[in-house]
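Welcome to this tour! Open your viewer, get ready to select residues by number, and follow along from stop to stop.

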Amino acid sequence: MILEKEKAMLLFKMAKRKGGLWGGKYDRLEHFKRFNIDVIKELSKISWIIIYKKDKFTGISLNPKYKKEIIEFVEIQLPYLKGVLK
């Protein structure tokens with residue numbers, strides 16, 4: 001269950017950062033180093049996170065195909081954020 005909350009918090013941080021890291025907008029993985037790497041790998045396996053391998057860094061973004069599911073997941077795991085993401 002703790003892992004689920006951490007997943008939700010990572011997804012929320014990504015959705016709120018710089019107007020949202022959806023699709024082509026990505027940020028360096030190192031900016032999310034406080035999160036467990038296993039959480040990122042798990043979200044990547046279910047295609048909610050897209051990983052970009054660049055020459056000097058790795059970038060991550062949210063998959064816009066799953067926007068509705070991601071928002072619902074965050075609102076279920078972190079009910080105090082209900083209605084914050086659009």
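**Stop 1: the sheet**

Select strands E1 and E3 (residues 58-62): 2 bridges join them, and they run antiparallel. Strands, runs of E with at least two residues, and helices, runs of H or I with at least four, come from DSSP and are numbered from the N terminus. Two strands pair if DSSP finds at least two bridges between them. What you see is a predicted model, in which local features need pLDDT of at least 70 and side-chain atom pairs count only at pLDDT 80 or more, while totals for chains, interfaces and linings use all residues. Residues are numbered from 1 along each chain as its sequence is written, and side-chain values use heavy atoms, leaving out hydrogens and water.

Now add strand E2 (49-53). E2 and E3 pair in the antiparallel sense over 5 bridges, and a hairpin joins E2 to E3 through 4 residues. In which order do the 3 strands of the open sheet lie? The order is E1-E3-E2, and E1 and E2 are the edge strands, each pairing on one side only. To see one partnership across E2 and E3, pick Ile-50, which stands opposite Ser-61 in E3.

**Stop 2: Asp-27**

Zoom in on Asp-27 in strand E1 (residues 27-28). Its bridge partner in E3 is Ile-60. Is Asp-27 buried or exposed? With a relative accessible area of 5%, Asp-27 is buried; buried means under 20%, exposed over 50%, and partly exposed in between (1.4 Å probe, protein chains only).

Show the side chains of Asp-27 and His-31: they make a polar contact at 2.7 Å. A polar contact is a pair of N or O atoms within 3.5 Å; within protein, one must be able to donate a hydrogen and the other to accept it, and residues adjacent in sequence count only if both atoms are side-chain atoms. Not counting residues up to four places away in sequence, Asp-27 touches several others, among them Arg-17, Leu-21 and Phe-32; contact means heavy atoms within 4.5 Å.

**Stop 3: helix H2 and the loop after it**

Select Ile-40 in helix H2. Ile-40 is buried, with a relative accessible area of 3%. Leaving aside neighbours within four places in sequence, Ile-40 is in contact with Leu-10 and Leu-29.

Next, pick Ser-47, in the loop between helix H2 (37-45) and E2. Ser-47 is not a glycine, yet it has a positive phi of about 70 degrees.

**Stop 4: aromatic rings**

How many aromatic pairs does a search of the whole structure find? There are 3. Rings of Phe, Tyr and Trp (its six-membered ring) pair if their centres lie within 6.5 Å; planes under 30 degrees apart count as stacked, over 60 as edge-to-face and the rest as tilted.

Select Tyr-26 and Phe-57: their ring centres are 6.4 Å apart and their planes are at 35 degrees, so this pair is tilted. Add Tyr-52, and you have a cluster of Tyr-26, Tyr-52 and Phe-57 linked by ring pairs. Arg-28 lies over the face of Phe-57, at 4.1 Å from the ring centre. A charge sits over a ring if NZ of Lys or CZ of Arg is within 6 Å of the ring centre and within 35 degrees of the ring normal.

Finish with Trp-48, which is buried at 12% relative accessible area, and Lys-67, which lies over the face of Trp-22 at 5.1 Å from the ring centre.
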